[in-house]
Amino acid sequence: MKDGMIALFAEYKTIIIFLHIISAVVWVGGMIAMRYAAHNSFMELEPAQRLPRVAHALKRLFAIVSPFVFILIITAVIMAVGLGFRAAAVDANGNVIDDYAMYIYNLVHVKEVIWMVMGANLLAMILRRNKAQKLLDAGDTAGAKKALELIGKYMVPLNIILGVIAIFLGVTLRNAY
C-alpha cells in the first residue's frame, strides 16, 4: 500500500497537492464566510426568522465542505507517504537519522492532528445543527437557539483558527526542502 501511495503521488503530484489546497481553502474559507459575512446578515433578521435561516445555511455549508474534508484527509495521507517524510527522518529500526527531517516529520503529525480535531469538531457541529433543526421543527426555539449559539460562538471560530494554523504548517512543510 505504501509503495502504491508513493507511485500515485509521484504520478499525480500536482493534482494531489491542488486538491489538498483547494479542499483547505473551501473548508476554512467557507467557515470564515459563514461566521463573518453571513452571520452579520442573519443578526439583522427577527429571531423567528433567524434561527431557521441559520440552521438552513449551516446545513448547506456542511453539505458543501464535507466532501472537501474527505478529500483533504485522503490527500494528506497520500502526501505524507509520497513525500517520504518518515523515510527521511528515521531508519528501518526507528532510529532518528536526521534531526531536521525528524522535526519536519513531527510537523506533519501536528498538522494531521489539527485536521482530525477540526473534522471531529465539524462532526459535532453537524450533529448539533441537526439537533437544532429537530428542536425548531418541534417549536422549541429556545432549545434551537442554545444549540446553534455554541456553533457560531465557539465551534466555527475554533475551526477557523485551527485551519489557519494548519494552512500555515502546510506552507512551512512545502518549503521545508
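## A buried asparagine in helix 4

With a relative accessibility of 10%, Asn121 counts as buried, because the cut-off for that class is under 20% relative accessible area. Asn121 belongs to helix 4, an element that spans residues 99-137. Once the neighbours within four places in sequence are set aside, the residues in contact with Asn121 are Met155, Leu158 and Asn159.

## Confidence in the model

The structure described here is a predicted model, and the placement of Asn121 should be read with that in mind. Across the chain the mean pLDDT is 93, with 99% of the residues reaching 70 or more. Confidence is highest in helix 4, the helix that holds Asn121, where the mean is 95, whereas the lowest value falls in helix 3 (residues 85-89), at a mean of 86. As a general caution, predicted coordinates should not be read in detail where pLDDT is low.

## How helix 2 meets helix 5

Helix 2, which covers residues 47-82, packs with helix 5, which covers residues 141-174, at an angle of about 45°, and their axes lie 10 Å apart. The two helices are therefore oblique to each other, and helix 2 passes helix 5 in a left-handed crossing.

On the helix 2 side, the contact is made by Leu51, Val54, Ala55 and Leu58, while helix 5 contributes Thr141, Lys145, Leu148 and Ile151. Sorted by class, this contact of helix 2 with helix 5 comprises six nonpolar residues, one polar residue and one charged residue.

Methods:
Residues are numbered from 1 along each chain as its sequence is written. This is a predicted model: local features need pLDDT of at least 70, side-chain atom pairs count only at pLDDT 80 or more; totals for chains, interfaces and linings use all residues. Side-chain values use heavy atoms; hydrogens and water are left out. Axes are lines fitted to C-alpha atoms, for helices over the stretch in contact, and angles run from 0 to 180 degrees between N-to-C directions. Helices (H or I, at least four residues) and strands (E, at least two) are DSSP runs, numbered from the N terminus. Angles under 35 degrees count as roughly parallel, over 145 as roughly antiparallel, 65 to 115 as roughly perpendicular and the rest as oblique. A crossing is left-handed if the near helix is turned anticlockwise from the far one by less than a right angle, and right-handed if clockwise. Contact means heavy atoms within 4.5 Å. Ala, Val, Leu, Ile, Met, Phe, Trp, Tyr, Cys and Pro count as nonpolar, Asp, Glu, Lys and Arg as charged, and the others, Gly among them, as polar. pLDDT is the predictor's confidence in each residue, from 0 to 100. Buried means under 20% relative accessible area, exposed over 50%, partly exposed in between (1.4 Å probe, protein chains only).
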